[in-house]
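Welcome! Take a moment to look over the sequence and turn the structure around before reading on.

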Amino acid sequence: MAVISPSEGANKTRSDLIAYATLSIISIFCAVPFFWVLLASFDSNAQLFLRWPEQWTLANYVRVFTKEDGAKWLFNSLFVVGGATLIVMVLAGLGGYALSRTRAWWKLPFLYAILLIRVLPPTALVVPLYKFLLTLNNAEGAILRPIFGSYARDIMRWTGFIDGYLGIMLVLATMQLPLGLWIMKTFFDGLPRDYEEAAVMDGATMMQRIRRVLIPLAMPGLAAAGLFAFMSAWGDFLLPLIFLSSPELQTLPLGLFRAFLRINEIDYGLLTALAFIYLLPAVVAFGFARRFLVQTFSGGVKG
Amino acid sequence: MVRNSHEKRTERQLLLVLLPSLILLLAFVIYPALYSVYLSFTNEALTGAAALRPRFVGIRNYTRLLNDAKFWNSLFVTFVFVMGSAVIGQFLLGLISAIALRRPIRFRQFFSSIILLPNAAPEVVAGFMWISMLAGGEHATLSRIVAFFGIDPADWLNAFPLSMIIIVNTWRGIATAMILLTAGLSTIPSEIYEAARMDGATPSQMFRRITMPLMMPTILLYMLISAVSTIAVFGLVYALTRGGPGGATEVVSIYIYNQSFTAFQLGYGAAVAVVALLISLILGIGYVRAMKVEV
Amino acid sequence: MINLRNVRKFYGALEVIKGVDITVEDGEFAVFVGPSGCGKSTLLRMIAGLEGIDEGDLVLNGQRINDVPPDKRGIAMVFQSYALYPHMTVAENIGFSLSLKKVPEAEIKEQVEGVAEILQLTDYLNRKPGALSGGQRQRVAIGRAIIKKPSLILFDEPLSNLDSALRVQMRAELQRLHRELKATVVYVTHDQVEAMTMADRIVVLNKGVVAQQGAPMELYHQPENEFVATFIGSPKMNVLPMTATRRDAGKVHLESPLGLAIDLSDANGAVPQGEAKLGIRPEHLKLAPQGQGDFSAEVVIVERLGVETYLTVGSQQQPIVVRTEGDMTIRPGDRVSLTAERAACHLFDSAGRVVRSAQA
């Protein structure tokens with residue numbers, strides 16, 4: 001928007017200064033809350049309020065893994081969210097392709113449905129979802145218990161719907177599916193059909209086409225969909241809160257939340273160290289996803 | 001449409017490929033939504049007499065809703081929350097950032113990374129960071145900042161709860177606004193501004209008569225997206241205030257949670273949820289229209 | 001009258017406009033032409049006031065306007081993409097500059113209608129640019145320009161976004177408008193055909209300097225350097241490397257590795273010994289009976305256009321294009337004998353400067 005003219009040189013510099021000033025203020029506003037997490041996590045005597053550590057230490061981080069179940073929480077989060085992300089990438093990759101290439105009658109309704117699903121507040125869905133998963137869980141238990149006896153409980157930890165890895169992964173994945181499908185559909189829309197048509201001429205079946213031609217081409221789209229799914233599922237607090245109860249399955253946000261609810265003295269150093277560990281993957285993923293952000297949102301604006 | 005056998009087979013295969021996603025969405029989203037609607041017509045609960053034998057009670061939950069002051073309070077709080085943080089806060093700061101970042105200044109990457117950072121922080125962490133900022137009376141970071149300007153410290157979260165959550169949500173959402181608005185701004189060709197310069201327009205005239213009218217579709221889209229996602233906010237507010245004090249920050253999602261998991265009134269909670277669903281759907285239909293879905 | 005005097009522009013350390021002197025008289029249609037990157041658009045924007053002038057003077061009607069803001073120079077510009085405001089109607093687009101100055105609505109309406117009539121836009125006043133064709137949009141852009149009653153109208157490659165049929169039509173339109181409005185125009189294009197057909201004066205630019213300026217036929221028949229000689233005219237002038245030696249006074253003998261040997265008059269003795277380049281246009285090479293003529297060559301490509309035929313002869317490293325009238329049934333592989341019209345030969349030294357022009 002800058003239009004330069006010799007007589008406006010002075011104005012331009014002034015506008016630039018105003019831009020610097022406003023951006024600095026907004027940036028400070030955005031950055032300040034992070035300082036506490038950063039500083040207190042290295043503080044041997046961390047407090048709730050922001051202060052410069054008198055004594056720097058890594059002990060808080062060590063404690064997260066030794067005294068607390070930090071390792072378990074981290075593993076659970078990575079496993080659950082990673083699994084959900086993988087599911088989303090596979091299903092959205094395939095489904096997005098189907099949505100892009102099909103000319104069937106159900107295409108438009110499906111697309112509208114995806115958009116509308118995205119506007120539903122999760123809190124409104126949680127209760128019925130819980131009942132539904134509980135029913136599924138009981139059914140699964142009824143099948144497994146006669147066969148595996150007492151081992152059924154251990155198996156259910158992995159395959160159960162309530163308090164089981166499978167269930168939480170599927171639910172998290174489902175919540176990210178609409179956005180993932182939309183991203184992949186838009187992506188495939190922009191991919192010329194020439195490649196597939198050439199493969200058809202070469203005699204490839206659909207699965208072969210998908211595996212050997214489309215997946216390599218779809219990498220950027222899958223990366224974007226995967227990153228967004230990861231970031232959103234990583235931050236999800238409500239779903240693990242509702243669907244996970246046993247201590248072995250707790251994920252990072254829950255561990256963090258419970259650490260804050262201690263009855264006696266809250267260990268802020270521990271808390272912020274944990275928060276930092278929780279924060280890091282999200283920020284890293286965000287750094288990678290930045291490139292895709294503009295493309296995704298531009299797609300919605302071009303109309 | 002040529003309907004030869006090869007095409008038909010392809011279409012079937014495509015549908016097959018889409019099936020797993022369809023099943024998951026139907027099972028975990030559509031069905032619960034519909035079940036919610038059903039629940040709202042019952043008096044199901046986890047405690048009390050109705051727990052053992054839930055009955056269909058028609059629209060009794062809804063009439064109770066309409067007379068429930070706390071329900072209307074939650075709607076009001078949600079409305080103010082959406083207005084303050086999405087419509088005003090995020091939008092203004094996002095617009096200013098988007099415009100400022102178009103100028104050829106240095107450190108653009110740096111600034112935009114920092115402004116996008118709050119969005120990357122998971123809800124729970126964001127909640128805690130702001131508790132540190134706001135709680136603790138005179139030790140709170142905010143207190144120390146305003147002391148610099150000669151203002152007295154206060155127990156921010158208790159004294160100005162609604163304003164505080166608006167500020168926090170604004171902080172969290174500037175990124176979305178900035179990204180969308182930047183994309184919108186970039187669709188305006190720079191030659192138009194040069195033509196306006198030749199016509200003698202001042203910067204403020206350019207903004208009022210060219211930028212804003214051309215940005216309207218983008219702005220509308222942004223308003224819809226952010227309103228919808230702000231209505232759904234739960235964890236952030238819960239971590240900060242639990243909906244208190246005294247319901248001052250009890251947004252709709254927290255009200256639903258309280259009714260369902262604290263008061264265990266599942267039927268009633270479902271009724272509130274249905275209302276929230278309807279409001280979101282109405283906004284969503286506007287959103288779908290604005291997106292001009294291409295087939 | 002518009003004057004650029006020793007104008008320079010730098011982007012950082014890079015000099016992009018290197019001391020340019022141009023004069024455009026009132027009512028003239030001046031065309032700035034040159035290859036991409038020659039600086040023609042930059043010069044146009046400097047005249048408009050959208051870019052700054054680092055050194056030198058820009059004088060309009062006797063006034064130095066280097067520091068005058070763009071909207072106060074009395075100059076209007078038609079952009080390459082027309083830059084019409086998409087959300088405003090044609091009437092609002094044209095009247096925008098007036099509404100900015102808070103001119104009363106009735107007067108704006110009157111002036112807009114007047115302009116619309118000249119440009120035959122009266123039926124479209126309430127439409128938005130999206131509902132107009134390319135040619136109509138261009139007219140709206142022109143309307144926006146002339147309503148300001150400018151002393152000078154600038155055009156930035158206005159025809160490059162149009163398809164070729166429309167381009168020919170719009171060329172005629174623009175010339176008609178120019179005559180009617182009696183305006184002074186500076187027009188930028190990379191297409192030398194547009195320059196040749198539309199201009200009263202052509203300014204050929206190359207890498208930030210003026211290679212030559214003058215009337216179209218002047219540049220065609222009397223190019224001052226190899227660049228202008230090969231830039232103007234399509235197909236391009238043939239340029240053949242030769243060795244020059246002096247025979248008698250007033251004559252110079254040229255030989256080329258291809259076997260061409262000719263003598264040209266050189267009254268001033270301006271041709272230096274050694275390397276030289278012979279420039280001759282395709283239409284000045286004539287087919288001669290076999291064995292006669294200045295040299296013979298093998299035909300590589302034959303392009304028959306009905307009214308004329310272009311033959312490309314010689315080798316890949318040194319192709320020579322020959323134009324003959326009418327249709328020829330010569331085939332690739334045939335050998336032909338060619339004569340060069342002496343009076344139409346140009347000679348350039350190794351630096352590309354002309355040392356012998358075609359004789360008038």
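The report below starts with chain C, moves to one of its sheets, and ends with the contacts between chains.

## Chain C as a whole

Please keep in mind that this is a predicted model. Chain C has 360 residues, and 39% of them count as buried. Its C-alpha trace spans about 80 × 45 × 35 Å along the principal axes.

If you follow the chain from end to end, you will pass through eight helices and 21 strands in chain C. How do contacts link distant parts of the sequence? Among the contacts in chain C with a separation of 6 or more, 64% are between residues 24 or more positions apart.

## A four-stranded sheet

A good place to begin exploring chain C is an open sheet of four strands, in the order β2-β1-β4-β5. The pairing in this sheet is antiparallel. At its edges are β2 (14–24) and β5 (63–64) of chain C, each of which pairs on one side only.

Helix α1 (residues 40–48) of chain C packs on this sheet, where it touches β1 (2–11), β2 and β4 of chain C. The direction of the helix makes about 65 degrees with that of β2(C). At the β5 edge, strand β4 (residues 55–60) of chain C is joined to β5(C) by two bridges, and the two strands run antiparallel. To see a bridge pair up close, find Val59(C): its bridge partner in β5(C) is Arg64(C).

## Where chain C meets chain B

How many residues of chain C are in contact with chain B? There are 16, and they touch 14 residues of chain B. On the chain C side, the elements that give two or more residues are β6 (75–78) and α2 (90–100). The largest share, three residues, comes from α2(C).

What kinds of residue make up this side of chain C? By class, 11 are nonpolar, three are polar and two are charged.

## Where chain B meets chain A

The contact between chains B and A takes 86 residues from chain B and 78 residues from chain A. Which element gives the largest share of the chain B side? That is helix α1 (residues 5–39) of chain B, with 18 residues.

Sorted by class, the side of chain B that touches chain A has 61 nonpolar, 18 polar and seven charged residues. As you return to the model, try tracing helix α1 of chain B, which is part of the side that touches chain A.

Terms used:
Residues are numbered from 1 along each chain as its sequence is written. Chains are lettered from A and ligands numbered from 1 in the order in which they are written. This is a predicted model: local features need pLDDT of at least 70, side-chain atom pairs count only at pLDDT 80 or more; totals for chains, interfaces and linings use all residues. Two residues are in contact if their C-beta atoms, placed from the backbone, lie within 7 Å. Ala, Val, Leu, Ile, Met, Phe, Trp, Tyr, Cys and Pro count as nonpolar, Asp, Glu, Lys and Arg as charged, and the others, Gly among them, as polar. A residue is buried if 20 or more other C-beta atoms lie within 10 Å of its own, exposed if 12 or fewer, and partly exposed in between; C-beta atoms are placed from the backbone. Two strands pair if DSSP finds at least two bridges between them. Axes are lines fitted to C-alpha atoms, for helices over the stretch in contact, and angles run from 0 to 180 degrees between N-to-C directions.
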